[in-house]
Amino acid sequence: MKISPSMLACDFSQMGNEIKKISSLGADYIHMDIMDGNFVPNISFGPDVVKTLKKFSNVPFDVHLMIDRPDKYIKQFAEAGANIITFHLESNCNILETIKLIKNYKIKAGLSIKPNTPAKKIIPYLNDIDLTLVMTVEPGFGGQKFMENQLEKTKAIRKHSKNVLIEIDGGVNGETIKKIKKYPVDICVAGTYIFKAPDIKEAINLIKL
Ligand code: DX5
Ligand code: ZN
């Protein structure tokens, strides 16, 4: 299992140090939650912050856009140093055109689905993308309860594609990981569990094992 710690749960006054810390403790990716106060009720940070943080780590940046018009911002996030850009199937854009925009920058393209969106909606795009992000909470906030019933979606996705990376996001911790490991999940995003852990290294290792 690979881990992508979410910077949403870190100490925002210490972002540079926080990213250095998780990079040295075994993070496989670094998850950046981008929220616009429109697609989701919360606002986080934008491309300038991503660009600044890039100087502190060589670990690939996994950028999760929870914004209404992802197509308008692909250029900015790609130029800021994103290695994967994931946007939502439910957002207000042309899906295939937006995937193409991402791929023009020679970076990985991901597509995400919210809890109320069935897996069958993402199946037609599996050959066009590198990664699927299955939300296991309602997007918008860290620290929510894991929605176990979302895990079945990973099986449906794997059935239709052997190659696409499957990532899950929300409510991952030392308990929920036991169930997650029974499903075809390649990458777990975890915010609260990692950054609020008494021993971050131990928490990372427990997910990765
Ligand atoms: C939710 C975000 C998640 C969130 C995960 O909208 O996409 O990445 O930060 O946080 P935890 O691990 O605290 O559930
Ligand atoms: Zn996320």
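How far is a polar side-chain atom of histidine 31 from an oxygen atom of ligand 1? Select the two together and check: the distance comes out at 3.5 Å. Keep in mind as you click around that this is a predicted model.

Stay with ligand 1 and pick serine 6 next. An N or O atom in the side chain of serine 6 sits 3.1 Å from an oxygen atom of the ligand. Then hop over to glycine 140, where the partner is a backbone N or O atom, 2.7 Å from a ligand oxygen. Now switch on a surface: ligand 1 on its own exposes 390 Å², and the protein buries 99% of that.

Widen the selection to the whole shell. You should get 20 residues around ligand 1, with Asp33, Gly140, Asp169, Gly191 and Thr192 the closest. Color them by type and you'll see eight nonpolar, ten polar and two charged residues. If you run a pocket search, the space taken by ligand 1 is the largest pocket.

Next, show the cartoon. Strands β2 (30-35), β3 (61-66) and β8 (187-190) each put at least two residues into the shell. The biggest giver is β2, with three residues.

Last stop: leave the ligand and zoom to helix α3, residues 74-80. Select lysine 75 and glutamate 79, which lie four residues apart in α3, about one turn of the helix. Side chains of opposite charge can pair when their charged atoms come close. Here the side chains of lysine 75 and glutamate 79 form a salt bridge, 3.4 Å from N to O. To keep going, hunt through the whole structure for salt bridges: a search finds eight.

Technical notes
Residues numbered from 1 in each chain as written. Chains lettered and ligands numbered in written order. Predicted model: local features only at pLDDT ≥ 70, side-chain atom pairs only at ≥ 80, totals over all residues. Heavy atoms only, no water. Near = heavy atom within 4 Å. Polar contact = N/O pair within 3.5 Å; in protein donor to acceptor, adjacent residues only side chain to side chain. Areas by Shrake-Rupley, 256 points an atom, 1.4 Å probe, with all protein chains shown as cover. 1 Å grid on protein atoms, 1.4 Å probe; cavity = no way out; pocket = protein on both sides within 12 Å on 5 of 7 lines; lining within 4 Å. Sits in = over half its atoms within 2 Å of the grid points. Nonpolar A, V, L, I, M, F, W, Y, C, P; charged D, E, K, R; others polar. Salt bridge = Lys/Arg side-chain N within 4 Å of Asp/Glu carboxyl O.
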